[in-house]
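Hi everyone, thanks for coming. I'd like to walk you through one structure today, piece by piece. Have a look at it first, and then we'll start with a pair of residues.

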Amino acid sequence: MMNSSGAAILARDLTVRRGDRTVLRGLDFAVPRGQITGLLGPSGCGKSTLMRSVVGTQAQVTGTLDVLGHPAGHATLRSRVGYVTQSPSVYEDLTVRQNLDYFAAVLDPGRARRAAREETVARALNDVALVSHADSLAGRLSGGQLNRVSLAVALLGAPELLVLDEPTVGLDPVLRRDLWELFHWIATQRAATILVSSHVMDEAERCHRLLLMRDGEILADDTPDALRTRTDSENVEQAFLHLVDEANALQESAR
Ligand SMILES: Nc1ncnc2c1ncn2[C@@H]1O[C@H](COP(=O)(O)OP(=O)(O)OP(=O)(O)O)[C@@H](O)[C@H]1O
């Protein structure tokens, strides 16, 4: 595990219940600042629940979960953390620019702030390469373009931490590659920390660090290189399967 001092996210014994089930069990991990950390694991392992906990929208969270030095969900984190959920949260009957104008006005209201908002919207449009589609109706955009509008909304507050829940799901390989290039650009140029979930293992290779999850637990917290070396695997998918087999064998021997 990395040195946790100054981490963007720090979890100690993090446990989350949903309904009558414990879906995250005693997690300990740290997400370093300024890097892209991938949250990977099969469907249902708890990735969205963990992200909802980080942005402060999840109930029944116990243990420690600090985000940018404050307890997750703290009021001062509102503009410092950007969150993109799995389904694009934009108004399809508004243009791209109207969507951004609306969310910018929610974040930074008042007539006196109008010029500042216009600048923020222009920057976000530029960041996600949608300047040429600014006046298109959101409902007429492709899936990849719509994902980029959601990302632009999340970038409006110039967040220090971006939490992206499966942003590339359903996209073709070219669009996925373009989006990953954009994440790296944002991490470098905007000095943002990115926590991004996926269940596509080849995306793991694009991250600086990985949290590999299974059944509400963290199987590994390391760099892709270190994971491959430690498990003597060719790629992260093989490393993940190796760690799953190891965890199963441990469970069997404990019975
Ligand atoms: N509202 C709820 N009440 C009870 N259990 C829930 C609720 N929502 C999700 N769960 C359960 O919590 C577990 C974790 O779900 P979560 O959505 O966090 O997984 P995930 O890894 O993000 O999955 P996916 O990749 O399919 O989005 C699952 O077993 C799911 O069935």
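Find Leu-40, and then look across to β9: the bridge partner of Leu-40 there is Leu-212. Before we go on, please keep in mind that this is a predicted model.

Now zoom out to the strands around that pair. Strand β3 covers residues 36–40 and strand β9 covers residues 209–214, and the two pair in the parallel sense over four bridges. What packs on the sheet here, touching β9 and β10? That's helix α7, residues 236–254, whose direction makes about 40° with that of β9.

So far we've met a few strands; here is the whole arrangement. The sheet is open and has six strands, in the order β6-β7-β8-β3-β9-β10, and the pairing is mixed. At its edges you'll find β6 (81–84) and β10 (217–222), each of which pairs on one side only. If you ignore direction, neighbouring strands of this sheet are turned by 15° against each other on average.

Let's move to the other sheet on my list. This one is open too, with four strands in the order β2-β1-β4-β5, and here the pairing is antiparallel. Why is one side of β2 and of β5 left without a neighbour in the sheet? Both stand at the edges, β5 being residues 70–71, and each has a single partner strand, so there is nothing in the sheet on the other side.

Inside this sheet, strand β1 (residues 9–18) and strand β4 (residues 61–67) pair in the antiparallel sense over six bridges. For a landmark, take Val-16, which stands opposite Val-61 in β4. Helix α1 packs on the sheet and touches β1, β2 and β4, with its direction at about 115° to that of β1.

Hold on to α1, please, as we turn to the ligand. Which element gives the most to the shell around the ligand? It's α1, with three residues. Both β2 (21–31) and α1 (47–55) supply at least two residues of that shell. There are 13 residues around the ligand, and Arg-18, Gly-19, Ser-43, Ser-48 and Thr-49 come nearest. By type, the shell divides into two nonpolar, eight polar and three charged residues.

One last item comes from a record. An unreviewed UniProt entry places the feature "domain: ABC transporter" at residues 9–240. Over that stretch, the chain is 34% helix and 26% strand, and the end C-alpha atoms are 23 Å apart.

Thanks for listening, and I'm happy to take questions!

Technical notes
Residues numbered from 1 in each chain as written. Predicted model: local features only at pLDDT ≥ 70, side-chain atom pairs only at ≥ 80, totals over all residues. Pairing = 2+ DSSP bridges. Axes fitted to C-alpha atoms, helices over the stretch in contact; angles between N-to-C directions. Contact = placed C-beta atoms within 7 Å. Near = placed C-beta within 6 Å. Nonpolar A, V, L, I, M, F, W, Y, C, P; charged D, E, K, R; others polar. UniProt positions renumbered as here; feature names shortened; annotations may be inferred.
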